[in-house]
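Colleague: I should be grateful for a close look at a single strand and its surroundings. Please describe how the strand is paired and how its side chains are placed.

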Amino acid sequence: MSHEDETSETIDPELIRNGANGDRPPPGRDMVLARDVLPQVLPILPLTSRPMFPGLVVPLLYEDPEVRDAVRRMVKGGSPYMGLLLTRDEEGPYTPDNMCRVGVAAKLHKGVDLAERGLHMVVECLERFRVERFLTAELPLQAQVHYHLETGYRDTVELKAYTVAILNTIKELLKHNPLHEEELKVFLSRFGPGEPARLADFAASLTSADRGELQEVLETFPIFDRLKRVLTLLKREVDVSKLQSRIRKNIDERVGEHERQFFLRQQLHEIQRELGMEEDEKTQELNRMRERVAKLRLTKEAKERFEEEMEKLAILETASPEYGVSRNYLDWITGLPWGTYTRDRYNLKRAQRELDKDHAGLADVKDRILEFIAVGARKKQVGGSIILFVGPPGVGKTSIGRAIAAAVGRQFYRFSVGGMRDEAEIKGHRRTYIGAMPGKILQALKTVKSANPVIMIDEVDKIGTDFRGDPSSALLEVLDPEQNVDFLDHYLDVRFDLSHVLFLLTANQLDTVPPPLLDRAEIIHLAGYMTQEKFEIARRHLWPRQLKAHGLAKDDVRLTAGAVRRLIDSYAREPGVRGVEQLLKKILRKTARNVAAGEATLPVSITVHNLEGFIGKPRFRALHLNTGVGVATGLAWTALGGTSLTLEAAVVHTDRRDLKLTGQLGKVMQESADIALSYVASHLADLGGTADFFENRSVHLHVPEGAVPKDGPSAGISMATALLSLARNQPPAPIAMTGELTLTGEVLAIGGVREKLLAAKRLGIHEVILPRENDTDVAELPPSVPEGLTLHYVKHYPEVARIAFPRRRGK
């Protein structure tokens, strides 16, 4: 029956030939009811969603090819009658075992078989039947049936009461769900209220009960039981409809006012549009872009690109994906500060105040910055420079950057490149990618709305590299004054002038900073704070700031000077002040808790004696100088500042000459130990020892704190002194030393002088031996650093031996 291209075939029962069980009236009768000619064997069609009830004219749709084929065979058989049975399992197969045993006989009135839209039929449901047995096991199913014909019922008071109750319930249902009104009219045109069986079936069909409950009604033959079941379902349907009406009413009340305002606005917009007073969304967007660009001083290249994108945006539909891409691009190009600069201030006194406001000490660093600003005042330009701050964590690199921005009156923006591996983070993504956007530099300029801000790039010593690109190389174009005049971001694809931007870089160490960046930067070392400087910072800056942050007044908690010094010496020896600030926070948190718990009352006093009750036991033991034969004290530099090294040497046995090294020493330090032994052994007679002392002796050289890796050449003279002490059997003087030793006995310059001198002062040492070439480094230090120290400058090791062993013994 189905044809291609949506053709259809009409199944007309009037054209079906009348068989033995057809519609032809028996002889001798003018009219016969359909119920009188229903066949005893019916073709069975399945119902999956809900059963049908007698007296209804309903549409059916079948898309299953097997069912459609069964209907074709039924029509070819000449009978318009069929049986409709509900399946037990909605998803199950169309087999006898999956069919309910009570269904309804129906007569086909019209059928249309569409090739791709399924078989559409209109059937009239006639009578209930019960399946006696199935004659076939597969589609098309055939079943022998027994009909349950509805007969007239005696009009009793109880029957009338049920009928009226159902009618009233239907009326109440219509108040809440008027969609059933047409169905009621059709029913009343065919049946009257005096037919309770038809009324019960019709009422059941109005409900939204599940398929199982409706099948139970279909299988209930006694009229009173059926009426009770139907009345129960109707009552529940009314309750559900009432609840839905109440919910709908509540929602309508909530959104009614919003809808009213919305419709009024829409009407107002329409009126304004008709009067030419309002523009559509696209026109508004174009005008907004024009207004924004009128306030900017775009370059010629940027103007051309802007006009191209505006022309493209004007012809695109707002629903087009390209519209969003072009709009975002125009938003970025008009959001950048083209030709917008903040006015620089070159007042050195103001700059000094800004630097001193949050920083105590660092006099050399502040002098360098003031010199930099003074040069900018002469040439009226501080941009185009790159300053690299190098120092351990917590020494104030970022806050110094903010102070510089405040001193010259510029906007400040900071971002970190630590761990960054994609160069697109710097130079942006190309517009061909979904979610593309400019790089960090242009994002910073859009945020600060100025083309000459101070941009701080943190952690340049931790920048990464992988298959996605080399961000450090991308930074060169950004930072190099010779290149950043025409900086080209991949997303913007228009050159932007970065020459007025002051770039500040930070790093913890120089070893891992990319060499091309080092070549272009002015390096300023922030070595760390001395104890007195940390004390002043804690008292003047950190403590008042934390009191305010914890909601406490100055008089609520008193911190004595002794407690601050104890905190710095025993808990926070790092070169920065971040650890000090964390401990101050801990004190105030503990205080707030004690006061809240009633264990203390304000004001609270923190002294040396009760400090441990707030922050626990000291993290560092008191430093003391180790002395003895074979023991020497060296000085070392670390990323966290300077520290002291105790070098211990001992003779293990006299079987053979040997040198054993322990303490997790690096390769350079191991070579320094070999050089020290070779030099001392070859010059031992001149240095006051027995010439053949190391000839058959095995020496063990150890540097304590073996869990900490150590490396570098600056411990050379310290190792030689420990070995010489062993050979002379004489402890060296209480003195610290640092310097690289060569095989000829020359003492070479080392780095980290400031940190090493501070470490010596923390150890309580008053004399330090330094290479002669480092005297210029000491001269550049603030006077407070070498204050209290006696510095000995040496060129060759014999000078070290004379200072370390002032009174030589005989052999």
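Modeller: In this predicted model, strand β2 (residues 41-47) and β4 run parallel and are joined by 4 bridges. One position of this pairing can be named: L45 has L84 in β4 as its bridge partner. β4 also pairs with strand β5 (residues 102-114), here in the antiparallel sense and again over 4 bridges. Within that pairing, G83 stands opposite A105 in β5.

The burial of the strand may be considered next. Strand β4 comprises residues 81-86, and 6 of the 6 are buried, so the strand is largely enclosed by the rest of the structure. In a regular strand, side chains alternate between the two faces of the sheet. In β4, Y81, G83 and L85 point one way, whereas M82, L84 and L86 point the other way. The residues of both sets are all buried. Thus G83, which stands opposite A105, belongs to the set with Y81 and L85, while L84, the partner of L45, belongs to the set with M82 and L86.

For context, a helix contact elsewhere in the model may be added. Helix α17 (residues 531-549) packs against helix α19 (residues 578-596) at an angle of about 45 degrees, and their axes are 10 Å apart. That angle makes α17 oblique to α19, and the crossing of the two helices is right-handed. The residues of this contact divide into 7 nonpolar, 1 polar and 4 charged. Among those in α17 are W543 and R545, and among those they meet in α19 as a group are E581 and L584.

Methods: Residues numbered from 1 in each chain as written. Predicted model: local features only at pLDDT ≥ 70, side-chain atom pairs only at ≥ 80, totals over all residues. Heavy atoms only, no water. Axes fitted to C-alpha atoms, helices over the stretch in contact; angles between N-to-C directions. Parallel < 35°, antiparallel > 145°, perpendicular 65-115°, else oblique. Left-handed = near helix turned anticlockwise from the far one by under 90°. Contact = heavy atoms within 4.5 Å. Nonpolar A, V, L, I, M, F, W, Y, C, P; charged D, E, K, R; others polar. Buried < 20%, exposed > 50% of the residue type's maximum accessible area, 1.4 Å probe, protein only. Pairing = 2+ DSSP bridges.
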